[in-house]
Amino acid sequence: MKKIFLLAVVASGLAFGQSKKVVASDVHWWGYKVAKSEASSHDGTVKVKSGDMIMKGNNLVGGSFVLDMTSINATDLSGEYQQKLNGHLKNGDFFEVEKFPTASFKITSVKKNSDKIYNSLVTGNLTVKGKTSPITFPAKIAYSKGVVSLVSEKFAFDRQKFDVAYKSTMQDVFVKDDIEMLVKVTAK
């Protein structure tokens with residue numbers, strides 16, 4: 001009886017996939033003023049609070065990630081200017097982290113991509129400030145010795161779909177709608 005139960009547990013794991021817990025991450029963002037250039041941009045990081053990746057055999061088939069929006073940090077500035085921008089990003093002008101302390105991404109599909117480096121197209125639902133919209137990005141996915149890694153190509157999403165709007169008298173005249181991101185996640 002024990003053998004039948006063990007076989008059923010193993011078979012169900014193979015059918016539905018094996019969950020791997022995120023153990024390392026690096027999420028980098030870029031925001032631009034209307035004149036998109038190095039001089040008119042800010043960039044920084046946000047931490048992954050938790051996450052998992054679902055493997056079926058050697059293939060990534062699902063997963064989800066929770067971003068700690070209270071950790072959003074501009075890395076292109078320091079001192080007083082960095083503190084001001086970080087406060088600005090966290091308040092009602094942008095991410096309202098007191099009301100929405102996390103954002104999330106849930107993978108809905110992973111397909112092969114013809115690119116030699118970014119071998120997969122990852123599609124999922126991004127939720128920011130309680131609003132959800134689908135996004136797709138190219139990623140390099142590797143699986144070896146029980147460890148899966150996902151490294152995205154730099155991709156963009158429209159912040160307006162998530163009500164991340166600069167609340168000033170000039171509205172969004174100075175800030176581009178696209179936020180760019182590069183995501184690196186490792187799970188085991």
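Here are some worked exercises on the pockets, salt bridges and a few single residues of this structure, which is a predicted model.

## Exercise 1: The largest pocket

Work out how much space lies in the largest pocket, and which elements and residue classes make up its lining.

Step 1. Start with the volume: the largest pocket holds about 520 Å³ of space.

Step 2. Next, look at who lines it. There are 29 lining residues, and those nearest the centre are Trp29, Gly31, Leu89, Phe94 and Val175.

Step 3. Now map the lining onto the fold. At least two residues each come from strands S1 (18-33), S2 (41-56), S3 (59-74), S5 (120-128) and S9 (175-187), and helix H2 (79-90) also gives at least two.

Step 4. Finally, sort the lining by class: 21 residues are nonpolar, four are polar and four are charged.

## Exercise 2: The second largest pocket

Find the volume of the second largest pocket and say what lines it.

Step 1. The volume comes out at about 230 Å³.

Step 2. Go along the chain and pick out the lining: Asn58, Asn59, Leu60, Val110, Lys111, Lys112, Asn119, Ser120, Ile141, Ala142 and Tyr143.

Step 3. Check which elements give two or more of these residues: they are S3, strand S4 (102-112) and strand S6 (131-144).

Step 4. By class, this lining splits into five nonpolar, four polar and two charged residues.

## Exercise 3: A salt bridge inside a helix

The structure holds four salt bridges. Take the one between Glu80 and Lys84 and describe its setting.

Step 1. Get the distance: the two side chains meet at 3.1 Å, N to O.

Step 2. Place the partners. Glu80 and Lys84 both sit in helix H2, and because they are four residues apart there, about one helical turn separates them.

Step 3. Ask about the surroundings: are Glu80 and Lys84 buried or exposed? Both are exposed.

## Exercise 4: Salt bridges between separate parts of the chain

Examine the pairs Lys129–Glu96 and Glu180–Lys154, and say which parts of the chain each one ties together.

Step 1. Begin with Lys129 and Glu96, whose side chains meet in a salt bridge at 2.9 Å, N to O.

Step 2. Lys129 belongs to the loop between S5 and S6, while Glu96 belongs to the loop between H2 and S4, so this pair ties together parts that are 33 residues apart in sequence.

Step 3. Compare accessibility against the cut-off of under 20% for buried. Lys129 has a relative accessibility of 6%, so it counts as buried. Glu96, at 23%, counts as partly exposed.

Step 4. Move on to Glu180 and Lys154, where the closest N and O atoms are 3.5 Å apart.

Step 5. Glu180 is in strand S9 and Lys154 is in the loop between S7 and strand S8 (155-158), so the bridge ties together parts that are 26 residues apart in sequence.

Step 6. Run the accessibility check again: Glu180 is buried at 13%, and Lys154 is partly exposed at 39%.

## Exercise 5: Positive phi without glycine

Look at the backbone of Glu96 and Lys145, then say where each residue sits and how accessible it is.

Step 1. Glu96 turns up again here. Its phi is near 45°, a positive value in a residue other than glycine.

Step 2. The location of Glu96 is the loop between H2 and S4, and its relative accessible area of 23% makes it partly exposed.

Step 3. Lys145 is not a glycine either, and its phi is positive at about 50°.

Step 4. Lys145 sits in the loop between S6 and strand S7 (147-152). Its relative accessibility is 83%, so it counts as exposed.

## Exercise 6: Two serines in strands

For Ser152 and Ser71, find the strand, the accessibility and the contacts, leaving out residues up to four places away in sequence.

Step 1. Ser152 has its place in strand S7. With 1% relative accessibility, Ser152 counts as buried.

Step 2. What does Ser152 touch? The list is Tyr118, Phe137, Pro138, Ala139, Met181, Leu182 and Val183.

Step 3. Ser71 is in strand S3. Its relative accessible area is 16%, so Ser71 is buried.

Step 4. The contacts of Ser71 are Thr45, Val46 and Lys47.

Note on methods
Residues are numbered from 1 along each chain as its sequence is written. This is a predicted model: local features need pLDDT of at least 70, side-chain atom pairs count only at pLDDT 80 or more; totals for chains, interfaces and linings use all residues. Side-chain values use heavy atoms; hydrogens and water are left out. On a 1 Å grid over the protein atoms alone, a cavity is a set of points where a 1.4 Å probe fits but cannot get out, and a pocket is an open set with protein on both sides within 12 Å along at least five of seven lines; lining residues have an atom within 4 Å of a point. Grid points are joined across faces, edges and corners, and a volume is the space filled by probe spheres set on the points. Ala, Val, Leu, Ile, Met, Phe, Trp, Tyr, Cys and Pro count as nonpolar, Asp, Glu, Lys and Arg as charged, and the others, Gly among them, as polar. Buried means under 20% relative accessible area, exposed over 50%, partly exposed in between (1.4 Å probe, protein chains only). Contact means heavy atoms within 4.5 Å.
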